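Open the model in your viewer and keep the sequence panel handy. We'll go stop by stop, with a selection to make at each one.

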Protein chains: 2
Amino acid sequence: MNGAQALIRTLVGAGVDVCFANPGTSEMHFVAALDDVPEMRGVLTLFEGVATGAADGYARMAGRPAATLLHLGPGLGNGLANLHNARRARTPLVNVVGDHARSHKRLDAPLESDIDALAGTVSGWVRRSLAPADVAADAADAVAAAASAPGSIATLVLPADVSWEDGAAVADPVLARPAPRVAPSVVEDVAAVLASGEPTVLFLGGDTVGEEGLLAAGELAAGTGARLMTETFPARTARGAGLPDVTRLPYPPEMAIAALEGTAHLVLAGATSPVHFFGYPGVPGHPVPEGCTVHVLSRPGEDGVAALRALAALAAPEAKADLLESSRPELPTGELTPRTMNAVIGALLPENAIVVDEALTSGVGLMELTSGAPRHDWLALTGGAIGDGLPMALGAAVACPDRPVIGIQADGSAMYTISALWSYAREQLDITTIICDNGSYAILEHELSRVGAQGDGDRAAKLLDLGAPNLDFVALATGMGVPATRATTADELADQLGRALAEPGPHVVVAVLRES
Amino acid sequence: MNGAQALIRTLVGAGVDVCFANPGTSEMHFVAALDDVPEMRGVLTLFEGVATGAADGYARMAGRPAATLLHLGPGLGNGLANLHNARRARTPLVNVVGDHARSHKRLDAPLESDIDALAGTVSGWVRRSLAPADVAADAADAVAAAASAPGSIATLVLPADVSWEDGAAVADPVLARPAPRVAPSVVEDVAAVLASGEPTVLFLGGDTVGEEGLLAAGELAAGTGARLMTETFPARTARGAGLPDVTRLPYPPEMAIAALEGTAHLVLAGATSPVHFFGYPGVPGHPVPEGCTVHVLSRPGEDGVAALRALAALAAPEAKADLLESSRPELPTGELTPRTMNAVIGALLPENAIVVDEALTSGVGLMELTSGAPRHDWLALTGGAIGDGLPMALGAAVACPDRPVIGIQADGSAMYTISALWSYAREQLDITTIICDNGSYAILEHELSRVGAQGDGDRAAKLLDLGAPNLDFVALATGMGVPATRATTADELADQLGRALAEPGPHVVVAVLRES
């Protein structure tokens with residue numbers, strides 16, 4: 001058995017049976033070994049950022065890591081932005097990065113670069129396999145490292161000859177480190193805070209924004225008067241009718257500050273204490289009010305759900321959570337604005353959907369307008385590196401083939417990883433992508449004024465404008481094998497989205513937006 | 001004057017007046033400052049790999065650095081693959097990477113990452129500007145570091161508040177370190193080797209494959225019998241009628257080994273000793289025959305042209321170089337194969353063209369079929385990280401607006417940076433792109449067999465196949481504002497390429513290739 005075969009069999013044995021791949025020469029034995037191990041599903045992507053973003057989306061939905069297969073330093077480089085997002089999501093993920101054969105390494109061949117240094121910037125675990133006899137154990141360790149709470153990126157560097165040489169054997173899975181329980185004394189301390197009657201926000205993120213955590217949080221809100229709020233961009237949030245109404249900390253600093261105003265106690269459950277995405281002249285770096293005390297119920301990687309349940313049993317034993325009733329906005333008609341677009345989405349969102357949200361500025365009202373929709377899961381742009389939406393939807397659809405995936409995708413951001421659409425078509429996945437076509441980097445137009453920059457001239461404006469020429473996303477999608485339509489009114493969007501959702505397979509609906 | 005204004009004015013003063021940009025929030029003051037400094041041309045790209053590849057192509061043609069503007073670690077990550085190619089080309093290039101404001105840095109905001117570590121993997125020079133008073137001097141140092149022989153990547157990390165705070169002033173340019181002369185004794189030693197009469201190859205690369213170096217090398221070949229050969233992928237080669245005929249070291253190891261067989265002396269002029277791109281089972285790592293002595297006339301960064309001229313004066317004082325006469329292949333008709341495609345290109349290549357070659361396997365015969373064409377320059381994939389061709393053509397066209405740019409672009413590789421086409425349209429550049437549409441990662445199909453992998457099953461094959469669905473490059477190009485046509489015969493290609501070359505502005509011609 002060669003190294004590649006042992007590696008793939010070990011991955012499969014440890015529960016990693018999907019590999020999002022963009023291979024090159026040094027990965028050819030890994031590719032060949034896929035023929036020997038049919039349990040491993042290889043999904044081809046045309047760009048490494050699609051592979052890494054897909055692995056992120058996959059693990060957020062499947063709850064276990066996928067592998068990526070990347071080609072040396074440049075391949076890892078192309079995948080870094082979405083690995084950054086995965087790192088911020090604490091997604092378990094195993095990168096296999098091919099490298100030169102060991103004997104070739106010292107020759108400084110054209111593709112030689114410092115893979116280990118690159119990998120270190122996004123990985124919680126990096127190892128270079130040194131021999132075929134080691135590679136299976138290395139792979140088992142990689143999966144355990146990735147899957148250990150709270151989840152992280154494990155990068156295994158695989159020299160080509162370690163892959164092609166014989167003398168390898170399959171290794172047993174290694175147990176991942178589970179999330180440790182929170183100490184009862186910590187729960188008691190937080191219960192005392194909640195009992196104080198002072199204005200308290202229970203700030204949720206990480207593992208606590210799934211159904212179980214939210215239901216416990218809902219009991220706490222009902223029983224203690226604490227307000228519930230989540231991180232701005234949680235990795236995966238359970239949402240919809242039957243769950244408590246939880247607001248999200250807004251992205252814009254002034255709105256985030258307003259949202260936490262008057263809070264005396266901020267209790268963190270699975271989340272870290274919030275900070276603004278960027279620093280701005282004359283604005284503090286975080287929205288926590290002066291004098292507010294920050295308490296930690298559970299850190300990322302601890303068992304926040306169990307802590308919330310213990311806390312609810314202690315602090316709100318009799319409480320019943322207020323749960324959202326089923327409600328949808330009416331289907332709007334007329335002009336297509338971010339708000340009417342989001343009302344259409346709220347009106348039509350199917351049962352059990354997975355929503356991948358990279359709407360950015362076009363997301364105005366999106367959360368409110370979908371809050372009473374049927375139960376769904378929501379994946380957000382955790383790390384702020386745009387271009388994650390299309391790939392995450394790919395991974396989510398591979399993880400959950402029986403659930404509809406809805407991508408809500410800003411136009412500028414879509415262009416970073418647009419070739420994900422080809423993989424949708426190749427795999428015939430049930431993904432409906434709404435492209436929010438406003439013809440600009442609208443978020444940057446907002447930011448330009450927010451940072452106090454002048455930039456009112458033509459030359460600055462030209463760097464934020466996506467017109468001249470306009471991007472024709474219908475042509476781009478159909479050019480990659482995904483049927484696409486263009487909507488210029490709310491009525492057209494409702495019609496086209498309805499039909500796209502009703503048909504299996506991938507669809508793109510381009511929403512041509514006027515300023516709201 | 002704020003930091004951004006001083007930075008841009010200093011760059012312009014040092015001769016850096018083009019910036020390929022993909023900005024985000026932390027770069028908004030840089031963007032705003034473009035309105036104050038009209039001498040700096042900002043060119044928007046939709047993806048950072050386009051910006052970095054364009055800066056590479058620009059500097060290869062302009063002979064001086066362009067700047068890039070990138071957004072924190074993820075933006076730099078997206079640009080890394082083409083920075084890798086630029087590093088291997090020894091291209092002078094100045095990255096400006098925005099970062100969080102200094103006060104925000106310690107907060108571990110979502111976009112926080114180790115920019116400095118990333119930058120170190122591709123840069124010869126990295127600095128973080130610490131205050132507005134420093135930024136101009138930092139910029140002047142960056143340009144000098146980039147432009148110092150042999151050319152390298154300088155990365156300046158620019159905190160947002162260093163950009164927006166006042167108190168900065170413009171700095172004077174700093175002199176770049178010129179290429180040192182080669183010692184006369186080294187030239188004399190090599191002259192003695194050439195006088196030995198033993199089989200000698202003069203192996204050219206870096207600065208020696210421009211017109212002057214090649215003409216001196218041609219005299220040496222004529223006067224001493226030495227064979228001339230270049231690196232496999234030189235950064236920029238002068239080619240065409242009126243220059244000596246110089247073969248290129250082939251890419252495939254077996255062909256490279258055959259090309260150097262029987263060589264007793266390998267004299268390096270501006271090139272390093274050749275190694276294969278990859279290691280293969282049972283194949284030595286380089287093509288230099290056993291017993292062949294390697295001599296260094298000039299190292300990269302030394303003045304190789306002067307060394308060659310001194311060597312020619314010493315070793316071949318009376319010799320006249322054999323120069324290629326003007327010749328073109330006949331326009332082929334019938335089936336469109338890589339060979340007939342390349343004959344069409346050879347027949348129609350315009351005077352003074354810049355050819356950007358990422359044809360990969362479709363490049364069969366391309367060098368021979370263009371060798372007698374009118375004088376042109378040839379840019380190659382120096383670092384082997386695919387996806388450089390479309391961006392390099394963008395940069396070359398910005399550098400040389402009066403010269404036609406011809407991109408010969410493999411289909412799979414095109415998809416890494418396809419949004420470059422939008423920037424072609426935005427800037428209305430005279431770039432004609434031929435997409436070599438063979439529907440597969442053909443080079444990997446070759447490599448799969450070369451590495452001795454089995455991989456004859458469907459699952460491996462599916463990871464190398466770009467069909468199902470087919471990529472419609474006409475739709476992709478027109479969707480980004482570039483007129484495009486599709487050729488399925490040699491006649492159609494000749495017709496469409498002729499028309500594209502005759503019209504100003506960008507054009508895409510898709511060559512649908514059958515196996516040759």
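Select helix 1 (residues 3–13) of chain A and show its surroundings: the cover over its buried residues includes helix 2 (28–33), strand 3 (67–71), helix 7 and helix 8 (160–164) of chain A. Helices (H or I, at least four residues) and strands (E, at least two) are DSSP runs, numbered from the N terminus. Of the 11 residues in helix 1 of chain A, 10 are buried. "Buried" takes 20 or more other C-beta atoms within 10 Å of the residue's own, "exposed" 12 or fewer, and "partly exposed" is in between, with C-beta atoms placed from the backbone. Among the buried ones are A:L7, A:I8 and A:L11, along with A:R9. Step off the end of helix 1 and you reach A:G15, with a positive phi near 95 degrees.

A word on what you're looking at: this is a predicted model, where local features need pLDDT of at least 70, side-chain atom pairs count only at pLDDT 80 or more, and totals for chains, interfaces and linings use all residues. Residues are numbered from 1 along each chain as its sequence is written, while chains are lettered from A and ligands numbered from 1 in the order in which they are written.

**Next: a loop in chain A**

Pick A:L130, in the loop between strand 5 (125–128) and helix 7 (132–147) of chain A. Because A:L130 has 13 C-beta neighbours inside 10 Å, this leucine counts as partly exposed. Now add A:P159: 29 residues separate A:L130 and A:P159 in sequence, yet their C-alpha atoms are 7.7 Å apart.

**Next: strand 18 of chain A**

Jump to strand 18 (residues 507–512) of chain A, where six of six residues are buried. Turn on side chains here. A:H507, A:V509 and A:A511 point one way, A:V508, A:V510 and A:V512 point the other way, and all are buried. In a regular strand, side chains alternate between the two faces of the sheet.

Which strands pair with strand 18 of chain A? One is strand 16 (residues 431–437) of chain A, parallel to strand 18 over six bridges; another is strand 17 (residues 484–487) of chain A, also parallel, over four bridges. Pairing here means that DSSP finds at least two bridges between the strands. To line things up, label A:T433, which sits opposite A:V508, and A:T485, whose bridge partner is A:V509.

Add helix 21 (residues 490–502) of chain A to the selection: strand 17, helix 21 and strand 18 of chain A form a right-handed β-α-β unit. Right-handed means that, with the strands pointing away from you, the path from the first strand over the helix to the second runs clockwise.

**Zoom out: chain A as a whole**

Chain A has 21 helices and 18 strands, and its C-alpha trace spans about 65 × 60 × 45 Å along the principal axes. Of its 516 residues, 65% are buried. The radius of gyration of chain A is 23 Å, which agrees with the value near 24 Å for a compact globule of 516 residues. That radius is taken over C-alpha atoms, and the globule rule is 2.2 Å times the number of residues to the power 0.38.

**Over to chain B**

Select helix 13 (residues 338–348) of chain B. With 10 of its 11 residues buried, this helix is largely enclosed by the rest of the structure. Its buried residues pack against helix 14 (366–370), strand 15 (405–410), strand 16 (431–437), helix 21 (490–502) and strand 18 (507–512) of chain B.

Follow that to strand 15 of chain B, covered on both faces: B:V405, B:G407 and B:Q409 are buried on one side, B:I406, B:I408 and B:A410 on the other. Strand 13 (residues 354–358) of chain B runs parallel to strand 15, joined by five bridges, with B:D357 partnering B:I408. Strand 15 also pairs in parallel with strand 16 of chain B over six bridges, where B:I406 faces B:T432.

**Last stop: both chains together**

Show everything. A rotation of 180 degrees with 0.0 Å of shift along its axis puts chain B onto chain A, RMSD 0.0 Å. The two copies are thus related as by a two-fold rotation axis. The fit is least squares on the C-alpha atoms of residues with pLDDT of at least 70 in both copies.

Now colour the interface: 81 residues of chain B are in contact with 81 residues of chain A. Contact means C-beta atoms, placed from the backbone, within 7 Å. On the chain B side, the largest share, eight residues, comes from helix 4 (residues 72–89) of chain B. The copies meet through the same surface, because 100% of chain B's interface residues are also interface residues in chain A.

How values were computed
Contact = placed C-beta atoms within 7 Å.
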